[in-house]
Amino acid sequence: PNNIIPELVVNAPQLRGCAPHTVDFYNNTKGASTFYYNFGDGGSAITSSAPEMIAHTFTKPGTYVVTLYTSNDCSTNFTTETIVVLEQPTVAFTADKTVGCSGTVVKFTNNSKNAVSYLWDFGDGTTSNQFEPEHTYTGNNVNYTVTLTATNIQGCKNVSVLPNYIQLVAPPQSNFTVLPGNELSIPNYTFNFRDASINVAGSWEWSFGDGSKSTLQNPTHTYSNVGEYMVTLKIINKEGCTATSTQMVRVIGVPGTLHVPNSFMPASAKNELRTFKAKGRG
């Protein structure tokens, strides 16, 4: 034939899309035997049959004029189609902490660009549309995958997925023993405290109930007087998780002892000083 009728067809929904954008080109040309496709982005293809479908992916945003050159032994012709590729938003995010215990509050920082709306999937069945949300994770020995979907003003979406990004470890369990026991009789005022916590504590904070404190793992403490004292051990593991336990210790006087004052103050503001009175036990 001396005439070529070129025809290049693209379905309407594919004429415009977000990068990377794949387009199916349908070549329905009549009368030609050689076909050269110039996709306008540096890509090309040569074929020798029609009708046919050839797909091409545009990786960068822009407006591309796609030209189909057709030929046979007698003549040439061409036709064009215009493809508009829109820019996608860039998506990135970080968290202020990625390892913790149940109840850990995570603050997310959004580093996305060219977006107007966001959808966070925290991996535990909850979502958020905030720009930079805070989220509380619960559970023990479990990991969560976090996904952020960003959408720009043109409706293009991009997704960032960080698998197993948030890791929840087993919480510490605070416990301690008291030697030689929780009760002493004077003149012995000294207790030995031994840490018996599990899940690896990173630091220890002891409060002995008389205003004294210690950060040793296994401290020894001597009380200055008889009485009952509430001892508290707070442990903090390397992930920053805490646990607390308490025990009561007491120092008692020996039965039959008698404390006799050597003075008294009738006008004192303290009741125990106003009267000359002996105190004893047993």
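Me: At 49% relative accessibility, what does F78 count as?
Reply: The scale has three classes: buried is under 20% relative accessible area, exposed is over 50%, and partly exposed is in between (1.4 Å probe, protein chains only). F78 comes out at 49%, so the residue counts as partly exposed.

Me: What kind of model is this?
Reply: Residues are numbered from 1 along each chain as its sequence is written, and side-chain values use heavy atoms, with hydrogens and water left out. Local features need pLDDT of at least 70, side-chain atom pairs count only at pLDDT 80 or more, and totals for chains, interfaces and linings use all residues; the model is predicted.

Me: Back to F78: which strand does F78 lie in?
Reply: Helices (H or I, at least four residues) and strands (E, at least two) are DSSP runs, numbered from the N terminus. For F78, the run covers residues 76-86, and that is strand β8.

Me: How far apart in space are F78 and L258?
Reply: Along the sequence, F78 and L258 are 180 residues apart. Going from C-alpha to C-alpha, the distance in space is 118 Å.

Me: In what order do the three strands of the open sheet stand?
Reply: Two strands pair if DSSP finds at least two bridges between them. β1 and β3 (residues 21-27) have two bridges in the antiparallel sense. β1 (8-9) and β6 (52-58) each have a single partner strand, so they stand at the edges. That fits the order β1-β3-β6.

Me: And which residue in β3 is the bridge partner of V9?
Reply: We've just met the antiparallel pairing of β1 and β3. Looking across from V9 into β3, the bridge partner is Y26.

Me: E52 has no salt bridge, so how far away is the nearest side chain of opposite charge?
Reply: Lys and Arg count as positive and Asp and Glu as negative, while His and the chain ends are not counted. A salt bridge needs a side-chain nitrogen of Lys or Arg within 4 Å of a carboxyl oxygen of Asp or Glu. E52 is buried, and K30, the nearest side chain of opposite charge, is away by 14 Å.

Me: Which side chain does the side chain of E52 make a polar contact with?
Reply: A polar contact is a pair of N or O atoms within 3.5 Å; within protein, one must be able to donate a hydrogen and the other to accept it, and residues adjacent in sequence count only if both atoms are side-chain atoms. Plain contact just means heavy atoms within 4.5 Å, and beyond four places in sequence E52 has such contacts with F25 and T47, among others. The polar partner, at 2.6 Å, is Y37.

Me: Is S112 buried or exposed?
Reply: S112 sits in the loop between β11 (104-110) and β12 (117-121). Its side chain reaches the backbone nitrogen of A92 at 3.4 Å and joins the side chain of N110 at 2.8 Å. The relative accessible area of S112 is 11%, which means buried.

Me: Which residue is linked with E183 and E228 in a network of salt bridges?
Reply: E183 forms a salt bridge with R250, with the closest N and O atoms 3.3 Å apart. E183 is in β18 (residues 183-185) and R250 in β24 (residues 242-252), so this pair ties together parts that are 67 residues apart in sequence. R250 also meets E228 in a salt bridge of 3.0 Å, N to O. The network's remaining member is therefore R250.
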